[in-house]
There are 2 protein chains.
Amino acid sequence: MPADNLPSLKLGDPFKIAMLLFPNLTQLDLTAPHEVFKRVRGVEVVTVWKNLHPVKSMTGLALLPEQTMAECQSADLLCVPGGPGHLDMMQDDETLAWIRQIAAGAKLVTSVCTGALVLGAAGLLRGYRATTHWGSIDALPLLGATAVQERVVWDRNRVTGGGVTAGIDFGLQIIARLWGDDAAEMAQLTMEYDPAPPFDSGSPRSARPELLARAETAMQGYRTKIMAAATAAAARFS
Amino acid sequence: MPADNLPSLKLGDPFKIAMLLFPNLTQLDLTAPHEVFKRVRGVEVVTVWKNLHPVKSMTGLALLPEQTMAECQSADLLCVPGGPGHLDMMQDDETLAWIRQIAAGAKLVTSVCTGALVLGAAGLLRGYRATTHWGSIDALPLLGATAVQERVVWDRNRVTGGGVTAGIDFGLQIIARLWGDDAAEMAQLTMEYDPAPPFDSGSPRSARPELLARAETAMQGYRTKIMAAATAAAARFS
C-alpha cells in the first residue's frame with residue numbers, strides 16, 4: 001500500500017478527517033471507516049454537509065452532520081462514502097467544488113464504495129488506478145480512471161475502497177500507513193475485527209453464478225443511470 | 001445456528017426490528033447490523049430511545065432515534081448494541097423495563113458487543129449461553145450466563161454477537177436462519193462482504209501478546225466498572 005510523500009504520524013498528533021455526509025448515502029460506507037479512524041488518538045473526524053439538518057441514509061437511518069461545507073475549509077484526509085445518492089452528488093456543482101477544494105489541500109483523497117464515482121465526477125481520479133463497488137466498476141473508466149477490482153486501491157495520494165464493508169479494511173490500511181502497523185493492529189483488536197462470514201458470497205468472484213446474475217439483473221436500471229451520470233460528468237471536465 | 005420455534009419467513013413478509021439507541025454507544029455495533037438487516041425486503045428497523053433528540057455515540061457521531069420507548073411497544077426482534085454507555089444502561093430501570101417488555105413478545109432477543117451486558121442486567125441471559133466483546137466476557141457469568149468466546153452465539157431465542165464488527169456476521173446468520181441462505185448470501189454480495197483484514201489481530205487468540213497485554217492494561221479501569229455494574233445488576237434480580 002504505497003503512497004508518495006505521506007507523513008509518518010505519532011499517536012496524538014492532530015489530524016482532521018472530513019467525511020461527506022449526503023442524502024441517500026449507504027450509511028455503513030461512512031459509519032464503518034468513521035469507527036475505525038476514531039480508534040486513533042488525536043484523530044478528529046467531522047461529517048460535512050450543506051447544512052446541519054439530519055441527513056437520511058438509503059435505509060432511513062438519519063445521521064447528524066457536524067460542519068457545513070462553508071465551515072469546513074480544509075482537512076488532512078477527505079473521505080467520500082457511496083450509496084444511491086451519489087447519482088445526485090455526481091452532478092451537484094456545490095458539492096463537487098467543495099470536494100475539489102478539500103482535495104487540493106488534503107494529504108489523502110479517499111472514497112468507499114460508489115463514493116469513488118463522486119471523486120471521479122469531480123475530476124479527481126483522472127489518470128489514477130481506483131476501485132468502487134463491484135456493481136459500478138465499469139463506470140470508472142468513463143471518468144478517466146483505471147478500474148481495479150481489489151479490496152482497497154492506492155495510487156499516489158488517492159485511496160479507494162470497494163463496496164460497503166470494504167471501508168473497514170480501507171480504514172485499517174490507512175491507519176497502518178500513517179500511524180504504523182501497531183496502531184492499526186490495536187484498532188483491529190479493539191473492534192474485534194476477526195471476520196467469520198457465514199457464506200463465501202461477498203464478491204462476484206465467489207458468489208454463486210445464479211445469485212450474481214440475479215443481483216446484476218436487479219441492478220440493471222440503476223447501472224444505466226450510473227453510466228449516464230458518469231458520461232455526463234466527464235463531458236463537463238475542463 | 002439452531003433456535004427453537006422460529007418462523008421461516010418469505011422476502012416481503014412484515015418483520016419489525018427494534019434497536020436500542022442509547023447515549024455513548026459504539027455506533028458501529030448498531031449501524032453494521034442495521035445495514036445488514038435492511039438488505040431484506042419487508043424488514044422494518046426502528047431505532048428507539050427515551051426521546052427523539054439526536055443521540056451521540058462514543059466517537060461523537062450522532063444518530064437520530066425514530067421512536068420513543070413509549071411509541072415502540074413490541075417488535076419481532078430486539079437488538080441491543082454495546083459501547084461504554086452500557087454501564088449506565090445496566091442500571092437504568094426505565095430502559096431495563098422496556099427491554100424486558102419488548103423481549104417478552106419478541107421472536108429473537110439479541111445483542112452485539114457489550115449490549116449483552118445490558119440484556120444480562122435485564123435478567124434475560126440467566127441460564128443462557130452468550131458472548132460479548134472479548135474485553136468484557138468475564139462479566140457474563142456474574143449475570144447468570146454461560147460465557148462462550150465465539151463470534152456469534154445462539155441459545156434458544158437469544159442471539160449474542162462478539163465485539164463491534166461481529167455485528168455483520170451476526171446479522172447475516174440471523175437473515176439466513178429467518179429468510180434462508182439465499183437471502184443472506186444476497187445481502188453479503190450487495191454489501192461486498194469479502195473481508196481482507198490487513199493483519200491477524202482481531203481477537204485475543206490472534207493478536208500479538210504484547211499488544212493484547214497493552215489493550216488489557218488500558219481497559220483495566222473500565223473492566224473494574226463493568227464487573228461492579230454486573231454484580232450490582234445481579235443483586236437486583238428478583
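# Exercises on a two-chain model

A:R151 and A:D169 form a salt bridge, with 2.6 Å between the closest N and O atoms. Bear in mind as you work that this is a predicted model. Here are five exercises, each with a worked solution.

## Exercise 1: A salt bridge within chain A

Task: place the two partners of the salt bridge between A:R151 and A:D169 in the chain, and check the pair against the distance rule.

Solution.
- Step 1. Begin with the rule: a side-chain nitrogen of Lys or Arg must lie within 4 Å of a carboxyl oxygen of Asp or Glu. For A:R151 and A:D169, the closest N and O atoms are 2.6 Å apart, so the pair qualifies under the 4 Å cut-off.
- Step 2. Now locate the residues. A:R151 sits in the loop between β9 (146-147) and β10 of chain A, while A:D169 belongs to helix α5 (residues 166-179) of chain A.
- Step 3. The two are 18 residues apart, and the pair links distant parts of the chain.
- Step 4. For context, searching the whole structure gives 26 salt bridges over all chains. Side chains of opposite charge can pair when their charged atoms come close.

## Exercise 2: The sheet of chain A

Task: work out the strand order of the open sheet in chain A, and say which strands stand at its edges.

Solution.
- Step 1. The sheet has seven strands, in the order β5-β2-β1-β6-β7-β11-β10 (chain A), and its pairing is mixed.
- Step 2. At the edges are β5 (67-68) and β10 (152-155) of chain A; each has a single partner strand, so one side of each lacks a neighbour in the sheet.
- Step 3. Look inside the sheet at β6 (residues 77-80) and β7 (residues 108-112) of chain A: they run parallel and are joined by four bridges. In β7(A), A:L108 is the bridge partner of A:L77.
- Step 4. Add the helix. α3 (residues 93-105) of chain A lies across β1 (15-20), β2 (43-49), β6 and β7 of chain A, at about 150 degrees to β6(A).

## Exercise 3: The sheet of chain B

Task: find the strand order in the open sheet of chain B, then examine the pairing of β2(B) with β5(B).

Solution.
- Step 1. The seven strands follow the order β5-β2-β1-β6-β7-β11-β10 (chain B), with mixed pairing.
- Step 2. β5 (67-68) and β10 (152-155) of chain B have a single partner strand each, so one side of each is without a neighbour in the sheet.
- Step 3. β2 (residues 43-49) of chain B runs parallel to β5(B), and two bridges join them. In β5(B), B:Q67 is the bridge partner of B:V48.
- Step 4. Helix α3 (residues 93-105) of chain B packs on this sheet, touching β1 (15-20), β2, β6 (77-80) and β7 (108-112) of chain B.

## Exercise 4: Two neighbouring helices

Task: describe how α5(A) meets α6(A), and which residues make the contact.

Solution.
- Step 1. The axes of α5(A) and helix α6 (residues 181-190) of chain A come within 6 Å, crossing at roughly 150 degrees.
- Step 2. From α5(A) come A:L172, A:I175, A:A176 and A:W179; they meet A:D181, A:A183, A:A184, A:A187 and A:Q188 of α6(A).
- Step 3. Sorted by class, the contact has seven nonpolar residues, one polar and one charged.

## Exercise 5: Where the chains meet

Task: characterise the interface of chain B and chain A by its contacts, buried area and salt bridges.

Solution.
- Step 1. Contacts involve 63 residues of chain B and 63 residues of chain A.
- Step 2. About 5500 Å² is buried between the chains, with carbon and sulfur atoms giving 60%. B:L189, B:E192 and B:F199 supply 14% of the area that chain B buries against chain A, more than any other three residues.
- Step 3. The rule finds eight salt bridges across this interface. B:R205 forms a salt bridge with A:D194, where the closest N and O atoms are 2.4 Å apart.
- Step 4. There are also 42 residue pairs in polar contact across the interface. On the side of chain B that touches chain A, α6(B) gives the most, with eight residues.

Definitions and conventions. Residues are numbered from 1 along each chain as its sequence is written. Chains are lettered from A and ligands numbered from 1 in the order in which they are written. This is a predicted model: local features need pLDDT of at least 70, side-chain atom pairs count only at pLDDT 80 or more; totals for chains, interfaces and linings use all residues. Side-chain values use heavy atoms; hydrogens and water are left out. Two strands pair if DSSP finds at least two bridges between them. Contact means heavy atoms within 4.5 Å. Axes are lines fitted to C-alpha atoms, for helices over the stretch in contact, and angles run from 0 to 180 degrees between N-to-C directions. Buried area is the accessible area (1.4 Å probe) that two parts lose on being put together, summed over both. A polar contact is a pair of N or O atoms within 3.5 Å; within protein, one must be able to donate a hydrogen and the other to accept it, and residues adjacent in sequence count only if both atoms are side-chain atoms. Ala, Val, Leu, Ile, Met, Phe, Trp, Tyr, Cys and Pro count as nonpolar, Asp, Glu, Lys and Arg as charged, and the others, Gly among them, as polar.
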